[in-house]
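Hi everyone, thanks for coming along. Please bring up the sequence and the structure, and let's walk through them together.

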Amino acid sequence: MLDAGGFPVVLGGDCTIVLGSALAFRRRGRYGLLFIDGNADFFQPEAEPNGEGASMDLAFVTGYGPSLLTDIEGRGPLVRPEDVVAFAYRDHKDQEEYGSQPLPEELKVLDLPAVRATGIEAAAREAVDHLTRAELDGFFIHLDADCLDDVIMPAVDFRVPGGLSWDELTAALRLGRRTGRCARNSSAMTMTSHACSRAQQEATDFEVVSTAFILRRNLFQGSA
């Protein structure tokens with residue numbers, strides 16, 4: 001699909017699907033990652049209270065964690081920390097409470113307070129500028145539906161007040177999609193959410209698919 005100029009949207013049950021997308025792009029070259037998530041997802045296995053990979057996926061994809069997951073096919077890290085932007089996360093209290101390892105200094109952080117202080121357009125532009133550097137072959141997007149305001153997307157494991165509005169998320173994704181700043185840019189989007197009960201999961205599945213449909217429509221509306 002990428003070779004044909006398509007824009008794949010990969011839906012999954014939790015954030016660990018980013019490993020598959022990252023591996024696919026790692027096989028193609030050096031790609032960046034726009035990581036849009038309500039959580040930083042950088043826990044180490046011994047600190048994550050539930051032992052779930054979905055709270056560690058950004059760590060795994062950037063080479064922090066067990067080699068079985070960080071060095072797949074001997075290609076680790078799948079994405080270099082300096083080629084990542086962690087965008088709009090807001091789980092600072094949970095990170096502190098449970099002892100998450102800090103994000104690497106070389107990994108670019110634009111958490112929700114920074115996005116709010118700068119404004120969504122300026123923050124998204126800063127992220128895209130970082131990911132369209134000449135040394136990168138392009139970038140891909142990871143989107144966890146829990147980046148949205150809890151009022152919009154409550155069907156998640158870890159509810160945290162606040163989050164992006166529909167308009168803010170659409171603006172950030174549209175800028176990433178339409179940037180045109182790198183002729184070699186090749187983008188894809190992985191989209192996830194995860195819930196704890198079967199009933200909640202069914203509601204979440206519907207919301208994620210609906211969200212993907214709305215975002216894809218908004219991303220391509222009026223695009224060249």
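One term before we start: a residue is buried under 20% relative accessible area, exposed over 50%, and partly exposed in between. By that scale Glu126, at 32% relative accessibility, is partly exposed. Keep Glu126 in mind, as we will come back to its salt bridge with Lys108.

First, a word on confidence. What you see is a predicted model. The protein's average pLDDT is 82, and 78% of the residues reach at least 70. Which elements have the lowest and the highest mean pLDDT? The lowest is helix 8, residues 198–220, with a mean of 49, while strand 4, residues 108–110, has the highest at 98. Two stretches call for some care. Over residues 180–188 the pLDDT stays under 50, and the model gives this stretch 34 contacts beyond four places in sequence. Residues 193–207 are also below 50, with 33 contacts in the model beyond near neighbours in sequence. Where pLDDT is low, the predicted coordinates should not be read in detail.

Now to the salt bridges. How many does a search of the whole structure find? It finds eight. As a reminder, side chains of opposite charge can pair when their charged atoms come close.

Let's return to Glu126. Its side chain meets that of Lys108 in a salt bridge, 2.9 Å from N to O. Lys108 belongs to strand 4 and Glu126 to helix 6, residues 120–131, so this pair ties together parts that are 18 residues apart in sequence. Lys108 is partly exposed, at 21% relative accessibility.

Next, Glu168 and Arg116, whose side chains form a salt bridge at 2.6 Å, N to O. Here distant parts of the chain are linked: Glu168 sits in helix 7, residues 166–178, and Arg116 in helix 5, residues 112–118, with their positions 52 residues apart in sequence. Are these two partners buried or exposed? Glu168 counts as buried because its relative accessibility is 18%, whereas Arg116 is partly exposed, at 43%.

Then there is Glu73 with Arg75, whose closest N and O atoms are 2.7 Å apart. Glu73 is partly exposed, with a relative accessible area of 46%, and Arg75 is partly exposed too, at 29%. There is also a network of salt bridges that links Arg30, Asp83, Arg133 and Glu135.

On to the cysteines. How many disulfides are there? The count comes to zero. Why does Cys15 not form one? For the sulfur of Cys15, the closest cysteine sulfur is in Cys147, 9.9 Å away, and that is too far for a bond, the cut-off being 2.5 Å. Looking from the other side, the sulfur closest to that of Cys147 is the one in Cys15, again at 9.9 Å. Cys15 is buried, with a relative accessible area of 0%, and Cys147 is buried at 0% as well.

Last stop, Pro104. You will find Pro104 in the loop between helix 4, residues 92–98, and strand 4. Pro104 is buried, with a relative accessible area of 8%. Which residues does Pro104 touch, leaving aside neighbours within four places in sequence? They are Phe42, Tyr64 and Pro81. Tyr64 is 40 residues from Pro104 in sequence, yet their C-alpha atoms are 9.7 Å apart in space.

That's my tour; I'm happy to take questions.

Definitions and conventions:
Residues are numbered from 1 along each chain as its sequence is written. This is a predicted model: local features need pLDDT of at least 70, side-chain atom pairs count only at pLDDT 80 or more; totals for chains, interfaces and linings use all residues. Side-chain values use heavy atoms; hydrogens and water are left out. pLDDT is the predictor's confidence in each residue, from 0 to 100. Helices (H or I, at least four residues) and strands (E, at least two) are DSSP runs, numbered from the N terminus. Contact means heavy atoms within 4.5 Å. Buried means under 20% relative accessible area, exposed over 50%, partly exposed in between (1.4 Å probe, protein chains only). A salt bridge is a side-chain nitrogen of Lys or Arg within 4 Å of a carboxyl oxygen of Asp or Glu.
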